[in-house]
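Me: I'm new to reading protein models and would love some help with this one. Could we go through it together, one question at a time?

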Amino acid sequence: MARGVAGAQAGASKQPTGTTPQAAGPEAGRGEAVGPLERGLDVLRVMADSAEAVRPGDLVRATGLARSAVDRIAATLVHLGYLRAEGRDLVLAPRLMEFGNAYLDASGLSRALRPSLERLTRTLDESVSAIVLDGCDARIVGTAVPPGRVIPLGFRVGDLLPSERCAAGAVLATGWDPSTHEAWRARREADPLDAGFPAVPTRPTAPRPERTEADFASWTAAAAANGWALDDQLVAPGLVALAVPVRDPDGRPVCAISVLAHTSRHSADDLRAHALTEMDRAAQDIADALYGTSHPLPAAPPPAAPAYADAKPELGPSFLQALARGLAVLTALGGRRGGLTLAEAAEAAGLSYQSARRNLLTLSELSYVEQHGRRFLPGPRVLELGYARLSTLTLADIARPHLADLVSRVRESASLAVLDGAEVRYVARVATGQITSARITPGTRLPAYATSMGRVLLADLPRAEWPERIRSLRPQALTPHTLTSPEALTAAFAQAADDGFALVEQELEAGLRSLAVPVRDRSGRAVAALNVAMHAGPESPEHTRDTMLAALRACAARVEADLALASAHAPVETG
């Protein structure tokens, strides 16, 4: 069994806690729950909690589902792009971040938090997190780390923390109702060692329940009186944290801002003296951004095209329509700040009113969806579906499986590189086993002016910068074919900009041909380039262009789609 699946089994059986909104009135009951959707979410939870790739047999053991059910769920999730099959293994795919992005979009939290978190981490030179209540525990929904820190502290967006072990939990618990307290007691009884919280160290021994309850009650009362809470090495040895609340107009804590530091830099009291004033200011700024009327957050309309596409004709009985429809509803709810009405959700997902209603009921009872008045929006629990792991992907991680697919199609080596001064630096590569395959590894640097990837990246710069950039490149003739004159390089950049690709024939090395296209971020800026490189054999350069360009562009488009999802609420490391 893959490492981590055994622990995931316990997590998969853990039911949501706290009060649950109803999707469609008091007459709606559990009998209307959509079974395939619930089972599909069980599989995704196990996948998200596993430390490595998972095989279908592992999922059978972890979920208790029949192998036939697991196979159909896996086939559906792979077809939808939420999982990827690598041989017999299944791994999470970046598209799974759609659900977490839907929550961050619909709640408005990410846009409200980001400026204040980044300003706070620069001011304090410490890691900062934003944390909300998820059931009876604390879910990370935003982070910022000091720039340039070699080993930055902090958690990932999506990580879940026990409320009684973090300062943010004490702050948020000041707004608990009796049902949340009961859910918290039940959770501690079921998991006294905190084994269901991978983000924190497991307790060596179970604490006495009455002692934990008394200590947490005292801590919460102090947080309510002071307006802040201190964690002195409760969440992990050597770490201290200070948390303050972000309050809604009625004074209830809806979020906590937490600053985390190592004891080598600050004691708990030192951290409070260092950070409290700035944190209170940041919390007020965030509250103003969330609830103020002077600068309301823009509301995006629901998607114009239905989000659901029926693959039954293509996959036959392997495709679970009910699972696909339920996930389409969950994604659609992120289309507008504040969520969607039932009718809007049905229209956005391309489903009937009754189908959308049944799926919203299931998602609500599983605490993946919350109801505010007539509107439904994803809850923070959707972040448990792999968001923490996927949010740490680099551009190279995102591109690598697509490069492998491209290589299997064109039978030539493929690479991804970024512009680094006058050079391109390779960050990912998948090579063929051919004798003529170029021997290049990630980290290799080559002169940008003589490479196809360098050409498309330089061509994306503002044209007014080209003359100075060409002078700084100091081009030299590496082969008899190398372009070195400013006029020739300017013409080559212009051609690459107009064509959207660059084809370089034996300019870097005799006998080497390469074809490259840009990889663009959400703003349209070329952040990397993707190429295929091969021996300049008897086929003409035009033949290479005609036979490989479409596949290369399709690969770049898939990388761009995953990059857009991964970078929707936080930057992705491109270098």
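**Loops, cores and helix pairs**

Reply: Happy to! Ser367 is found in the loop between α14 (353-365) and β10 (369-372). Keep in mind that this is a predicted model.

Me: Is Ser367 buried or exposed?

Reply: Buried is the word for a residue under 20% relative accessible area. Ser367 has 14% relative accessibility, so it counts as buried.

Me: What is the phi of Ser367?

Reply: Most residues other than glycine have a negative phi. Ser367 is a residue other than glycine, yet its phi is positive, near 65°.

Me: Where is Arg411, and is it buried or exposed?

Reply: Arg411 sits in the loop between α16 (395-410) and β12 (413-420). It is not a glycine, but it has a positive phi of about 60°. The cut-off for exposed is over 50% relative accessible area. At 56% relative accessibility, Arg411 therefore counts as exposed.

Me: Thanks! Stepping back, how many helices and strands does the chain have?

Reply: The chain has 575 residues, and buried residues make up 51% of them. Its secondary structure comes to 20 helices and 17 strands.

Me: Among contacts between residues at least 6 apart in sequence, what percentage join residues at least 24 apart?

Reply: Here we look at contacts in the chain and ask how far apart the partners are in sequence. Taking the contacts between residues at least 6 apart, the share joining residues at least 24 apart is 66%.

Me: Which residues have the most contacts inside the largest nonpolar core?

Reply: The largest nonpolar core has 120 residues. Helix α10 (residues 268-291) gives the most to this core, with ten residues. A second, separate core has 30 residues, including Leu161 and Trp219. Back in the largest core, the residues with the most contacts inside it are Ile257, Leu416 and Leu530.

Me: Which residues does Leu416 contact, leaving aside its neighbours within four places in sequence?

Reply: Some partners have lower residue numbers, among them Leu395, Ala399 and Leu403. Others have higher numbers, including Met453, Val519, Ala528, Ala529 and Leu530. The rest of the list is Arg425, Tyr426, Val427 and Ala428.

Me: How far apart in space are Phe197 and Leu161, C-alpha to C-alpha?

Reply: Phe197 lies in the loop between α8 (178-190) and α9 (209-226), and it is buried, with a relative accessible area of 1%. Its contacts beyond four places in sequence include Leu160, Leu161 and Pro162. Phe197 and Leu161 are 36 residues apart in sequence, while their C-alpha atoms are separated in space by 6.3 Å.

Me: Is Arg455 buried or exposed, and what does it touch?

Reply: Arg455 lies in helix α17 (residues 452-459). Its relative accessibility is 4%, so it counts as buried. Not counting residues up to four places away in sequence, the residues it touches include Leu483, Leu489, Phe493, Val504 and Glu507.

Me: Now for helix pairs. How are α6 and α10 oriented?

Reply: Two packed helices are described by the angle between their axes and the distance between the axes. Helix α6 (residues 109-124) and α10 pack at about 160°, with axes 9 Å apart. Angles over 145 degrees count as roughly antiparallel, which means α6 is roughly antiparallel to α10.

Me: How many nonpolar residues are in the contact of α6 with α10?

Reply: From α6 the contact takes in residues including Leu109, Leu113 and Leu120, and from α10 residues including Met279, Ala282 and Ile286. Three polar and three charged residues belong to the contact. The nonpolar count is eleven.

Me: How is α2 oriented to α3?

Reply: Helix α2 (residues 35-49) and α3 pack at an angle of about 110°, and their axes are 10 Å apart. Asp42, Val43, Val46 and Met47 of α2 make the contact with Leu59, Ala62 and Thr63 of α3. The range for roughly perpendicular is 65 to 115 degrees, so α2 is roughly perpendicular to α3.

Me: And what about α3 and α4: how are they oriented?

Reply: The axes of α3 (residues 56-63) and α4 (residues 67-80) come within 9 Å and cross at roughly 120°. That angle makes α3 oblique to α4.

Me: Which handedness does the crossing of α3 and α4 have?

Reply: In this contact, Pro56, Gly57, Leu59, Val60 and Thr63 of α3 meet Arg67, Val70 and Asp71 of α4. These residues divide into four nonpolar, two polar and two charged. The crossing of the two helices is right-handed.

How values were computed:
Residues are numbered from 1 along each chain as its sequence is written. This is a predicted model: local features need pLDDT of at least 70, side-chain atom pairs count only at pLDDT 80 or more; totals for chains, interfaces and linings use all residues. Side-chain values use heavy atoms; hydrogens and water are left out. A nonpolar core is a set of buried Ala, Val, Leu, Ile, Met, Phe, Trp, Tyr and Cys residues joined through side-chain atoms within 4.5 Å. Buried means under 20% relative accessible area, exposed over 50%, partly exposed in between (1.4 Å probe, protein chains only). Helices (H or I, at least four residues) and strands (E, at least two) are DSSP runs, numbered from the N terminus. Contact means heavy atoms within 4.5 Å. Axes are lines fitted to C-alpha atoms, for helices over the stretch in contact, and angles run from 0 to 180 degrees between N-to-C directions. Angles under 35 degrees count as roughly parallel, over 145 as roughly antiparallel, 65 to 115 as roughly perpendicular and the rest as oblique. A crossing is left-handed if the near helix is turned anticlockwise from the far one by less than a right angle, and right-handed if clockwise. Ala, Val, Leu, Ile, Met, Phe, Trp, Tyr, Cys and Pro count as nonpolar, Asp, Glu, Lys and Arg as charged, and the others, Gly among them, as polar.
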